[in-house]
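Colleague: Got a minute to go through this one with me? I'd like to get a feel for the fold.

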Amino acid sequence: MAEKKAVLFVCIHNSARSQMAEAFLKQMGGGRFEAASAGIEAGRLNPLAVETMQEIGIDISGNAVTNVFDLLRQGKTFDYVITVCDDASGERCPLFPGQAERLHWPCDDPAKLTGSHAEQLERIRQIREQLRQRVAWFVEERKL
């Protein structure tokens, strides 16, 4: 079996988008990937992200929130670094040492959602589905 490819998903706070993408890759990757996520400024898990992932049977409620700079200090290397923040924030993501391929999948920031709980939940469901589709595409494109 081929060596697992290490994939890091990065967003601003590691509170929603990167956590969801990591969970989807773990679910869909067939054991071919080592998935991780981190934030430029580690925050706390977004309750809406936890709720919408639970709706589809994925529990991220116990996930740790990680700072991307801690991974850099630890000397972690990745085959792919995928930013899932908006375009402006994606520019703040540090470069990792090694030969990582960098991809950018811009997504709206769930922390900036406004409206009622139901309106915010509907919008984060859209972000979740956008990420699910992109991860499925990523896995399909990298079949051995």
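**Helix H2 and the core**

Modeller: Sure, let's start with H2, where Leu-48, Ala-49, Val-50, Thr-52 and Met-53 are buried. Keep in mind that this is a predicted model.

Colleague: What do the buried residues of H2 pack against?

Modeller: They pack against H1 and H5.

Colleague: And which residue caps the N-terminal end of H2?

Modeller: Asn-46 does, with a side-chain oxygen 2.8 Å from the backbone nitrogen of Leu-48. After H2 comes Gly-57, which has a positive phi, near 85 degrees.

Colleague: OK, on to the core. Which residues touch the most other members of the largest nonpolar core?

Modeller: Phe-9, Leu-25, Ile-82 and Phe-138, out of 43 residues in that core. Several elements supply at least two residues each, including E1, H1, H2 and E3. H5 gives the most, with seven residues.

Colleague: What is Phe-138 in contact with, leaving aside its neighbours within four places in sequence?

Modeller: Val-7, Leu-25, Phe-33, Tyr-80, Ile-82, Leu-103 and Trp-105.

Colleague: Switching to the strands: are E1 and E2 parallel or antiparallel?

Modeller: Parallel, over seven bridges, with E1 covering residues 5-11. Phe-9 stands opposite Ser-37 in E2.

Colleague: Is E2 mostly covered or mostly open?

Modeller: Mostly covered: E2 runs through residues 33-39, and five of its seven residues are buried.

Colleague: And what sort of unit do E1, H1 and E2 make?

Modeller: A right-handed β-α-β unit, in which H1 spans residues 17-28.

Conventions: Residues numbered from 1 in each chain as written. Predicted model: local features only at pLDDT ≥ 70, side-chain atom pairs only at ≥ 80, totals over all residues. Heavy atoms only, no water. Buried < 20%, exposed > 50% of the residue type's maximum accessible area, 1.4 Å probe, protein only. Helix = DSSP H or I, 4+ residues; strand = E, 2+ residues; numbered from the N terminus. Pairing = 2+ DSSP bridges. Right-handed = clockwise from strand over helix to strand, strands pointing away. Core = buried A, V, L, I, M, F, W, Y, C linked by side-chain atoms within 4.5 Å. Contact = heavy atoms within 4.5 Å. Polar contact = N/O pair within 3.5 Å; in protein donor to acceptor, adjacent residues only side chain to side chain.
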